[in-house]
Every structure is written in C-alpha cells, then in structure tokens.
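Thanks, everyone; I would like to take a few minutes to walk through one model, starting with how its helices and strands are arranged and then turning to its aromatic side chains. Please have the structure open as I go.

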Amino acid sequence: MPELPEVETIRRQLVPRVAGRTIVEAEVFDPLWCAPRAPEDVEADLRGEHISSLGRRGKYLVMELEDERFLVMHLRMTGNLLWVPGPDDVAGRPHLRVRLVLDDGNRLLFVDLRRFGTGLVIDGRARLDEYLAERVGPEPLEPEFTPEVLAGAARGRKAPVKAFLLDQRRVAGVGNIYADEALFRARIHPLRPAGKLRRPELERLHGAIVEALEAGIARQGASIDRYRDANGARGSMQDEFLVYSREGEACVRCGRPIVKMVTAGRGTYVCRHCQPAPRTRRVVSP
C-alpha cells in the first residue's frame with residue numbers, strides 16, 4: 001500500500017499541473033471507486049469544477065474544488081494517480097477506474113488493479129475535517145508532531161509498538177514499510193508495548209519516524225509492488241531500505257542477519273541484536 005512518502009510524492013508532482021485548472025470531463029468507469037454513490041452522480045459533481053489546490057492528510061489525497069467542495073482519494077493497495085499529457089488510450093489501460101480531463105487537454109487517471117482505491121466528494125470544510133479526524137491522527141512531518149504528542153498517543157497502550165504505528169489514528173501515513181524502517185532506526189523491537197516505551201526511546205522513535213518518511217520522499221517513494229509516481233516512474237526507496245524486505249541479509253549496523261517475523265498480522269523485519277526483544281515474564285510453578 002502506498003504510504004505517506006508515496007502519496008506526498010504524487011501530490012508534489014501534481015500540484016503545479018492541476019492547481020488552477022478546471023475539470024472539463026469526468027468519467028468513472030468503476031462503480032466501486034465511489035460506492036455507494038452512482039458514478040454518474042460523481043461525474044456530475046466533478047464536471048466543470050475548478051481545482052484550487054491538492055493537499056494530503058495521511059495517505060489521503062485531498063483535491064480542493066470551488067465553494068468548499070473536496071474530492072478525497074485513497075490509493076489503497078494498488079492504486080496509482082497518473083498525469084498523462086494530451087490524449088490517452090483507454091483501451092490500453094485495462095485497470096483504468098477514473099479519468100479526469102483538464103481544460104489544458106491533459107488527463108488525470110486513477111488506475112487500480114485490485115479496485116480497492118476510493119474517491120469521495122465532500123461538501124463543506126467542516127464535514128471534511130470531521131471525516132478526516134475520525135480516520136487519521138497527527139501529521140508526522142508537521143511541526144505540531146512532537147515527542148510529547150507521540151508520548152501522549154502511546155500512553156497506556158498495551159499493543160505492540162508496530163501495531164501502534166500502523167494505527168492511522170495515532171500517527172498519520174505510516175504503514176508497514178516505514179514502521180519497520182523507523183523502529184530499526186530507533187533500535188526498538190516491534191513487539192515492545194507502545195505504552196511501556198521510556199521517554200528517551202519515544203524521543204528516538206519520534207526522530208526515526210520523521211527521518212524514515214523524509215528519506216522515502218527524497219527518493220520518490222518505494223516501488224516494491226505496483227506503486228508508480230504521477231509520471232508512471234518507479235521510486236527508488238527500495239534500494240535504500242535499512243531493514244525492510246532484507247531477510248537473511250546482513251544488518252547495516254552489526255552485520256548479523258535480518259529476520260522476518262509477523263507482528264500485527266504483517267510481515268515485519270528486524271535485527272534481533274540491534275532491536276532487543278521484550279523480556280518475557282517468567283511463570284513460577286507453585
């Protein structure tokens with residue numbers, strides 16, 4: 001699933017191309033994309049709309065239209081939002097779900113193999129804020145995200161810290177890849193209970209989250225599956241992973257092999273030497 005760095009890469013590439021443009025044609029080919037609304041209703045909502053800006057909250061892309069209307073898109077597992085100059089070949093894109101034609105003749109294409117990606121038109125900034133507040137927590141790359149904020153979110157949490165990071169209501173935009181990368185940078189085992197982390201550990205984790213996400217953005221995201229940026233190009237973060245997907249390879253710190261385990265139902269990569277496992281409580285027989 002594209003995570004914050006991948007979505008932010010797409011946003012940065014698209015902003016100068018779509019801000020100030022008008023949607024002259026909207027075609028929704030897949031009703032799942034906008035369910036439960038009918039595709040023709042969403043097409044009518046978008047047709048003729050002026051695009052003011054393109055923002056992001058967590059993994060959501062938020063296209064601001066006129067009169068406080070917003071198109072909120074989520075790429076989910078295999079979605080891609082592509083910018084195509086000039087005419088495009090619909091027949092040559094079997095996984096095309098949505099096409100937006102702009103007033104300069106260029107296109108925005110939502111392509112999605114597994115059809116999990118979504119689009120939702122929301123009227124009113126208050127409703128948008130309410131919708132996002134229910135789904136995503138603080139933005140980790142904003143100044144408001146501090147070690148204190150992270151500590152407050154973790155306080156009392158018994159879940160493993162890996163599961164804690166995957167909960168979008170705690171930290172927006174962090175997924176499986178960047179959770180592993182951040183925990184390795186912070187030298188924290190993914191099974192440590194989030195609420196048991198000490199203050200120095202939380203400070204390390206805060207910095208590691210920011211560093212891992214910024215590294216992903218600098219390399220235009222990670223293309224380990226179907227992710228492509230807005231130009232259809234692969235990112236290069238997968239060539240810079242410190243721990244993710246490196247099972248059996250030497251740890252960049254200590255040289256011991258990286259191992260793969262399952263945490264929160266997700267494949268998780270860890271160095272057992274650099275990230276000591278939590279101690280298990282001994283059960284004494286009577």
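What you see here is a predicted model, and I will begin with helix α1, residues 4-18, which lies across β5, β6 and β7 (107-112) and runs at about 35° to β5. Those strands belong to an open sheet of 4 strands, with antiparallel pairing and the order β1-β6-β7-β5. At its edges are β1 (23-28) and β5 (79-84), each of which pairs on one side only, and from one strand to the next the twist averages 15°.

Looking at one edge, β1 pairs with β6, residues 96-102, in the antiparallel sense over 5 bridges, and within that pairing Glu-25 stands opposite Val-101 in β6. Helix α2, residues 39-46, also packs on the sheet, where α2 touches β1 and β6, and its direction makes about 165° with that of β1.

Now to the rings: how many aromatic pairs does a search of the whole structure find? The search finds 4. In one of them, Trp-33 and Phe-110 have ring centres 5.8 Å apart and planes at 65°, so this pair is edge-to-face. Because Trp-33 sits in the loop between β1 and α2 while Phe-110 belongs to strand β7, the pair ties together parts that are 77 residues apart in sequence. Both Trp-33 and Phe-110 are buried.

Tyr-60 and Tyr-131 form another edge-to-face pair, at 6.1 Å centre to centre with 75° between the planes, and Arg-135 lies over the face of Tyr-131, at 3.7 Å from the ring centre.

Note on methods
Residues numbered from 1 in each chain as written. Predicted model: local features only at pLDDT ≥ 70, side-chain atom pairs only at ≥ 80, totals over all residues. Heavy atoms only, no water. Pairing = 2+ DSSP bridges. Helix = DSSP H or I, 4+ residues; strand = E, 2+ residues; numbered from the N terminus. Axes fitted to C-alpha atoms, helices over the stretch in contact; angles between N-to-C directions. Contact = heavy atoms within 4.5 Å. Phe/Tyr/Trp six-rings, centres within 6.5 Å; stacked < 30°, edge-to-face > 60°. Buried < 20%, exposed > 50% of the residue type's maximum accessible area, 1.4 Å probe, protein only. Lys NZ or Arg CZ within 6 Å of the ring centre and 35° of its normal.
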